[in-house]
Amino acid sequence: MNNMNDYLSASVKSIAPSGIRKFFDLVSQTEGVISLGVGEPDFVTPWHIIEACLYSLEQGYTMYTSNSGLPELREEVSYYEQRTIGVEYAPADQILITVGVSEAIDLALRALLEPGDEVLIPEPCFVSYAPGAVLAYGNPVPVETYDIDQYRLRPEILAGKITPRSKVLILPYPNNPTGGIMTRQDLEDLVDIIVKNDLIVISDEIYGELSYFEKHVSIASLPGMKDRTLVMNGFSKAFAMTGWRIGYACGHPDIIAAMTKIHQYTIMCAPIMAQKAAVEALRNGEIEMRKMIADYNYRRKLMHKGLNEIGLSCFEPRGAFYCFPSIKSTGLSSEDFCEQLLLKEQVAVVPGNAFGQSGEGFIRCCYAASVNNIEEALRRIKNFLNQIE
Amino acid sequence: MDLEKRILKLIERDARLSAKTIAAMIDEDEEKVQEIISGLEKNRTILGYHAIVNWEKNGWDGVTALIEVKVSPEREVGFNNIAERIYRFPEVKSVYLMSGSYDLSVIVEGDSLKDVARFVSHKLSVIDQVQSTVTHFILKRYKEDHIIFNEGEEDKRLVVSP
């Protein structure tokens, strides 16, 4: 047989394997690790949601749903978006239930891009956008954001990246890994550029509830932006439902219809048990969700203060559940820092360059961890810093 | 939520949080947090601190009983005197005044069934105002003060994920 790599498509071959994967293998082989490397809540899904799912299974809800998702879930999503971001989406043709936001992003890029179209991606950011663009035959164009700007996307930097091929802008706020958010004013400052260059915005709002200073604002709520914005959200972070793989996209009926076409032939529908659980989350999940968010906020302050005290300067995160301190003072690269910290002090954090080249010189520390583990990890990182001085 | 209440909520869940940690979590001065905690201890808002122990692991096979007690309330003091007569016994872990078909719920711990039986027959039932008792022995603890006793409550997340 030939080298099987010869059979692979060029676009798949061009994608580098996730930097996180490599690091995951290393962490898995190490004993006694305290991990701040996770990207998910430390809570189990609230019991009333699990219980609703169990009940639906007992009732025999084990079949396909319509491609778009259960009507009652689309209705709940419609109410939810209206009360949180103040934008109305019709359950019938403006909402599509997907297998997590990840699927929604993939569908949107495939539905929108012609080969060679450019996707503007603020970095540092979640790992999926650039590979998603490549798999849809588009070209990812990183748009750097900086700690001095509180990791907000600045209009002058965005403007400098626009070309005639620019088609889609991804807005991943509140941001993983930086904890940056976009205020209403920050978003208003972008509207001119977006409209003038006829961009479609994919607004990934999965951390929207986890905004600690002010209520999350969606760009879709600004005048003239609803039709050119796809709002994507899900249940993973706010409702601690990562493993259920359930999310949705809201937007203009034409784009939602195109995405639904791809979805119906590739996925058919999101799992019905997860959809049933999501209905319960939106109907009755507010109280538990607020408790979890209050708890993240305590630990956000604890970790932010602790990192600065041990000498790793860190922008105060305003959303999501990560701190993103600079490790430039150590002279180490992000990957060397993380590897040595793991081997010497058994603390796992994620190298910043996993989130784009502009993340080099930073590390991501997740504060969805117990208070004891956060404090012990900070002690160990301090020890490590003393050793390498 | 006011500052005192936030501190109390945090301590109620984990009494071992230091003033320093609490201060960082709520963005306050350590001294101020310490002062508030001391004040709450002094005015007996915080009455004590204890651990939740799974005694089975330690090999102690003592018994705990929940006793429903019907009593005759007394003029002027209602149930308070009789409650005190009962809660002063060191065997008594908790006493609550209840609504419903009985009056006092008394939780008693002993080394053996006999211990508890002796307490009920010799000390509790013989009190004048006590009309009747129903003793229930606890067979298994599943959850106490929000803590689940089961194994398998460990972190099941992948150690690293995007």
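1. A good place to start is a helix pair in chain A: the axes of helix H12 (residues 334-345) and helix H13 (residues 371-388) come within 10 Å and cross at roughly 110°. That angle makes H12(A) roughly perpendicular to H13(A), because angles of 65 to 115 degrees are put in that class. Please keep in mind throughout that this is a predicted model.

2. Which residues bring these two helices together? From H12(A) come A:Leu341, A:Lys344 and A:Glu345, and they meet A:Arg380, A:Ile381, A:Asn383, A:Phe384 and A:Gln387 in H13(A). Sorted by class, this contact between H12(A) and H13(A) holds three nonpolar, two polar and three charged residues.

3. Now to the meeting of the two chains, where 24 residues of chain A are in contact with 13 residues of chain B. On the chain A side, at least two residues each are supplied by helix H2 (19-28), helix H11 (286-309) and H13. So H13 is worth a second look, as a helix that meets H12(A) and also contributes to the side of chain A that touches chain B. By class, that side of chain A divides into 13 nonpolar, six polar and five charged residues.

4. Stepping back to chain A as a whole, you will find 13 helices and 12 strands in its secondary structure. Its radius of gyration is 21 Å, close to the 21 Å that the globule rule gives for 389 residues, so chain A is as compact as a globular protein of that length. The C-alpha trace of chain A spans about 60 × 60 × 50 Å along its principal axes.

5. How much of chain A is buried? Of its 389 residues, 50% count as buried. As for contacts in chain A with a separation of 6 or more, 74% of them are accounted for by residues 24 or more positions apart.

6. On annotation, an unreviewed UniProt entry lists residues 32-381 of chain A as "domain: Aminotransferase class I/classII large". In the model, the end C-alpha atoms of that span lie 15 Å apart, and the span is 39% helix and 14% strand.

7. Finally, one residue in chain B: is B:Asn80 buried or exposed? B:Asn80 counts as exposed, because it has 12 C-beta neighbours inside 10 Å and the class takes in residues with 12 or fewer. This residue is found in helix H5 (residues 80-87) of chain B. From B:Asn80 to B:Leu97 is 17 residues in sequence and 9.1 Å in space, C-alpha to C-alpha.

Note on methods
Residues are numbered from 1 along each chain as its sequence is written. Chains are lettered from A and ligands numbered from 1 in the order in which they are written. This is a predicted model: local features need pLDDT of at least 70, side-chain atom pairs count only at pLDDT 80 or more; totals for chains, interfaces and linings use all residues. Helices (H or I, at least four residues) and strands (E, at least two) are DSSP runs, numbered from the N terminus. A residue is buried if 20 or more other C-beta atoms lie within 10 Å of its own, exposed if 12 or fewer, and partly exposed in between; C-beta atoms are placed from the backbone. UniProt positions are given in the numbering used here, feature names are shortened, and annotations may be inferred rather than shown by experiment. Axes are lines fitted to C-alpha atoms, for helices over the stretch in contact, and angles run from 0 to 180 degrees between N-to-C directions. Angles under 35 degrees count as roughly parallel, over 145 as roughly antiparallel, 65 to 115 as roughly perpendicular and the rest as oblique. Two residues are in contact if their C-beta atoms, placed from the backbone, lie within 7 Å. Ala, Val, Leu, Ile, Met, Phe, Trp, Tyr, Cys and Pro count as nonpolar, Asp, Glu, Lys and Arg as charged, and the others, Gly among them, as polar. The radius of gyration is taken over C-alpha atoms; the globule rule is 2.2 Å times the number of residues to the power 0.38.
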